[in-house]
Every structure is written in C-alpha cells, then in structure tokens.
Amino acid sequence: MAPDRSIATRRDDVGSEDDVLSTALSQLERASALVDVDPTTLERLRHPSRVHRVMVPFERDDGSVEIATAYRAQHDGVRGPFKGGMRYHPGVTEAECIGLAMWMTWKCAVMDLPFGGAKGGVVVNPKALSEAETERLTRRLAQELRTVVGPEHDIPAPDMGTGSQEMAWFMDAYSMQQGETTPGVVTGKPPVIGGSYGREEAPGRSVAIVTREALDFYDRSLEGATVAVQGFGSVGANAARLLDEWGADVVAVSDVTGGVYDPDGLDISAIPTHQEEPEAVTRQGEGDEISNDELLTLDVDVLVPAAVGNVLTADNADEVGADLVVEGANGPTTAEADEILDERDVPVIPDIIANAGGVTVSYFEWLQDINRRSWSLERVREELETEMLAAWNAVAREVDGADDLTWRDATYVVALSRLAAAHDARGLWP
Ligand code: NAD
C-alpha cells in the first residue's frame with residue numbers, strides 16, 4: 001500500500017479531545033459558582049482574547065506546494081504573556097485550540113506563573129511529511145505567526161506531533177527575521193540553544209511530587225504504597241521511576257499494546273520507556289500480562305492514568321480499585337466518572353496541577369533565556385519542588401477549609417481566584 005501522503009487526513013487518535021472546549025467551559029462554570037468573580041470578568045474568560053488563523057504554504061519534496069491551515073488561540077493575558085503548545089495533527093480545530101488554551105490559563109494560574117494560556121496547531125498529518133518538509137512548514141509557520149508571538153507576547157512549546165527540533169527551527173526562523181537570536185520565543189528547545197535541563201522529565205516529576213504530597217495529606221506512607229501507571233511514555237515512565245526511587249511499589253505499568261502486573265512490585269528500571277523503545281512494556285518478561293482495562297481497576301493505593309484522555313468513564317469508574325487517582329495525562333477522567341469517584345470517596349488530583357511540572361520548567365527555560373544564564377539540573381529540580389509545593393499547599397488549603405470540595409474544584413478555585421483578582425486590580429480600560 002502506498003504511504004499516506006495527504007497532509008490533512010481525518011483525525012484518528014485524539015477524538016477524545018474533540019469536545020475539549022465544552023469541557024473547559026463547563027469547568028469554568030462550575031468553578032465560578034465557588035468564587036466571587038465579577039460577571040464581566042467571567043464573561044471575558046468564557047472567550048479567547050484572540051484567535052489567529054493563518055495559511056501556511058510550504059513546498060513538498062516533489063516541488064509541489066501545499067497550503068496548511070494553522071491556528072493560535074490566545075485565551076487570557078492578564079497575568080503575562082501567552083504560553084502553550086503548538087501541535088501538528090490532522091484533527092486540529094479552532095475550537096480545540098481555544099479549549100486547550102483555556103486549560104493553559106488555569107494551569108499557569110494555579111502554578112502562579114506569570115503567563116496566560118494559549119494553544120495552537122497546524123492541520124497537518126506530520127507522519128506524511130519528510131523531515132525537510134516539516135522544517136519548511138515550521139519555518140514558514142514562524143514567519144506567518146511572527147507578529148503575534150515573541151518572548152513578551154506568546155511563547156509556543158512542543159505538543160502532539162512536535163518536539164525540540166521543531167522548536168529549534170521555529171526559534172531560528174523567528175530570530176533570522178528579528179535580526180537577533182531570540183531563544184525566549186519558544187520553550188522545549190534543545191539545551192544547546194537555550195533549552196532547559198530537566199524539561200523532559202518535568203511533568204512526570206510533578207506527578208510524583210503531587211502523589212507523594214497527596215498520600216501525606218491522607219496520612220498514608222509513600223514507602224510501600226502500591227502504584228499502577230497507565231502509559232509508559234514521558235509522563236508515565238518518569239513518574240513511575242521516581243516513585244519507585246522514593247520507595248513506592250510500582251506494581252503495574254502499560255503502553256498502548258497492554259500492561260504488566262506484579263503484586264510484589266515490578267523492576268521498573270528494566271522496562272524501557274516509550275522514548276527508549278516504543279511499545280516494549282510487555283516484551284521484557286516482567287510480571288504477568290494484563291490489559292489496560294484491567295490495570296485501571298487494580299486494587300492499588302494509587303492509580304496514575306498517564307497515557308491519553310477519557311480513560312476513566314461512567315463505564316469503569318465504579319470498578320476503579322485505587323484509593324487515590326493522580327491524573328498524569330490531560331483529561332483522563334470524564335465528568336461522569338469524576339462524579340462517581342467523588343461519590344465513592346476516591347480523591348482525584350487533577351491534571352492541571354499534577355502534570356504542571358512541564359509548563360513550570362518551560363517557565364524556567366524562558367527565565368534562563370531572557371537572562372542569558374542556564375541553570376543546572378539540580379537547580380531546576382529544586383525550584384520545581386518549591387513551585388509544586390506552593391501550588392499544592394494553596395489547593396490543599398481550599399480542600400481543608402471547605403466541606404466536600406473535590407480536588408478538581410479546589411484547583412479551579414485557586415486558579416480562578418487569582419485570575420479574578422488580577423482582572424480586578426488592572427480594571428477595565430474603557
Ligand atoms: P508519550 O507519547 O511519551 O507516551 C504515551 C504512552 O501512552 C506510551 O507508552 C503509549 O504507548 C501509551 N498509550 C498511548 N495510547 C494508549 C492507550 N490508548 N492506552 C494505554 N496506553 C496508551 O506521551 P506523554 O508525553 O507521556 O503524554 C501522555 C499524556 O500526558 C498526554 O495526555 C499528554 O497530553 C499529557 N501531558 C504531556 C506533557 C509532556 O510535556 N510530555 C505535559 C503535560 C501533559
């Protein structure tokens with residue numbers, strides 16, 4: 001069969017994020033009932049500040065020219081420049097970018113980072129492009145977005161279908177046009193051109209920190225706590241390895257092909273991550289093979305869904321056997337599942353704090369870039385620990401101080417309160 005060369009085929013693997021805008025809006029409505037927020041500010045937050053749509057012509061290897069559509073949604077800039085990923089995927093839509101940009105606003109606010117939320121994407125199938133085509137697309141994208149991005153305006157980062165190489169090309173093209181090397185225009189770059197040490201491990205590290213703190217909140221010990229992790233990629237594997245290092249028993253992990261389980265604990269260092277060897281979790285002879293569905297219902301202390309969205313649903317939330325769920329992936333729990341888990345007194349620590357180590361170290365990268373001074377890995381880890389504890393304590397205070405507030409609601413209360421206060425302080429320029 002001929003390889004798929006069409007650049008904008010149907011979305012195939014992220015249908016779960018189709019409805020991201022309505023989810024983001026309903027989470028805002030829920031939080032607004034718990035926070036005293038000015039109605040005008042609330043109405044403002046229901047909409048993005050701006051959405052840019054640009055057409056990106058680029059040359060294919062055979063000399064023909066394709067024109068891809070790209071979006072950049074900038075949600076709320078009251079606390080600082082916009083910040084968020086730039087994805088390459090055939091299913092990218094304007095609504096999805098707006099919803100994901102809103103999530104970035106809440107995530108930056110709960111972490112108290114001086115950024116507002118953005119998200120963008122190119123409607124393109126990156127698997128159908130050669131490296132040279134991807135480079136030409138990325139450079140032209142940087143040119144088309146040049147007037148709306150920048151270290152003080154909007155700072156893109158890698159996302160689905162993009163990585164450090166795309167960020168390097170974007171930074172180079174932007175810098176060429178500006179006439180000066182501007183590393184702070186994007187984050188997630190290779191360290192040799194201003195990327196930060198510790199960026200790759202950061203979302204998994206924050207998941208591990210939050211798991212440790214959540215167990216402590218419930219007077220449970222991390223030492224010997226049993227943990228099941230769905231997804232053994234950047235987020236899941238880094239979280240699993242750190243939790244193992246800190247004394248937890250990681251008893252189950254999985255990838256898209258299935259999982260492995262050993263009630264006495266897996267030798268987690270023997271299992272290759274998605275980045276080391278894709279989809280090899282079940283190939284190493286560790287533990288007994290189980291399905292992803294079984295992993296989600298294991299009787300463990302902590303379940304970390306760290307693969308894809310919408311895996312905990314009304315169909316399986318009743319069977320979740322964990323005492324605590326820590327969301328490593330974005331949006332792994334549906335609203336219905338959230339309610340069921342709440343009724344069953346299973347706390348769910350939400351994605352916007354649990355995996356926020358990624359955007360936090362992106363902030364560190366931006367700081368290093370604009371100050372022209374790089375930090376050691378040790379410093380990045382120490383500062384991440386400090387930021388995570390500050391955010392965790394702010395959310396835990398809300399949970400402590402109210403009857404029956406879920407961790408998700410408490411996290412949104414912290415974020416929305418900060419946004420509302422910033423809007424109040426700046427006021428409305430008539
Ligand atoms: P990754 O590609 O590095 O790894 C994903 C892992 O999940 C792989 O092991 C893959 O085999 C597995 N997987 C894929 N589909 C699966 C399925 N249907 N069932 C079970 N396993 C499946 O991805 P990642 O960067 O670790 O991202 C995972 C999640 O975390 C995504 O929701 C992503 O949006 C979110 N996230 C990532 C970052 C980051 O910087 N990497 C930051 C915040 C949030």
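Q: How many salt bridges does the rule find across the interface of domain 1 and domain 2?

A: This is a predicted model. Across that interface the rule finds 0 salt bridges. The count of residue pairs in polar contact between domain 1 and domain 2 is also 0, with both residues at pLDDT 80 or more.

Q: Where in the chain are domain 1 and domain 2?

A: Start with the domain assignment. Domain 1 covers 11-21 + 46-182, and domain 2 covers 202-354. Domain 1 is thus written as two stretches, domain 2 as one. Next, take the C-alpha centres: those of domain 1 and domain 2 lie 29 Å apart. Then look at who touches whom. Domain 1 gives 5 residues to the contact, and domain 2 gives 6 residues.

Q: What area do domain 1 and domain 2 bury between them?

A: The general idea comes first. Interface size is often stated as the accessible area lost when the parts come together. Here domain 1 and domain 2 bury about 580 Å² between them. Carbon and sulfur atoms account for 64% of that area. On the side of domain 1 that touches domain 2, the residues are 3 nonpolar, 1 polar and 1 charged.

Q: Which residues are closest to the ligand?

A: Read a binding site from its shell of residues. In this model 21 residues surround the ligand. The closest are Ser 234, Val 235, Val 256, Gln 275 and Glu 279. Sorted by class, the shell has 8 nonpolar, 10 polar and 3 charged residues.

Q: Which side chains have an N or O atom at 2.7 Å or 3.2 Å from an oxygen atom of the ligand?

A: Look for pairs of N or O atoms. In the side chain of Gln 275, such an atom is 2.7 Å from a ligand oxygen. For the side chain of Asn 330, the distance to a ligand oxygen is 3.2 Å. Ser 234 uses its backbone instead: an N or O atom there lies 2.9 Å from an oxygen atom of the ligand.

Q: How much of the ligand's accessible area does the protein cover?

A: Compare the ligand on its own with the ligand in place. On its own, the ligand has 830 Å² of accessible area. The protein covers 74% of that.

Conventions:
Residues are numbered from 1 along each chain as its sequence is written. This is a predicted model: local features need pLDDT of at least 70, side-chain atom pairs count only at pLDDT 80 or more; totals for chains, interfaces and linings use all residues. Side-chain values use heavy atoms; hydrogens and water are left out. Domain bounds come from an automatic or database domain assignment. Contact means heavy atoms within 4.5 Å. Buried area is the accessible area (1.4 Å probe) that two parts lose on being put together, summed over both. A salt bridge is a side-chain nitrogen of Lys or Arg within 4 Å of a carboxyl oxygen of Asp or Glu. A polar contact is a pair of N or O atoms within 3.5 Å; within protein, one must be able to donate a hydrogen and the other to accept it, and residues adjacent in sequence count only if both atoms are side-chain atoms. Ala, Val, Leu, Ile, Met, Phe, Trp, Tyr, Cys and Pro count as nonpolar, Asp, Glu, Lys and Arg as charged, and the others, Gly among them, as polar. A residue is near a molecule or strand if one of its heavy atoms lies within 4 Å of it. Accessible areas come from the Shrake-Rupley method with a 1.4 Å probe; for residues, only the protein chains shown count as cover.
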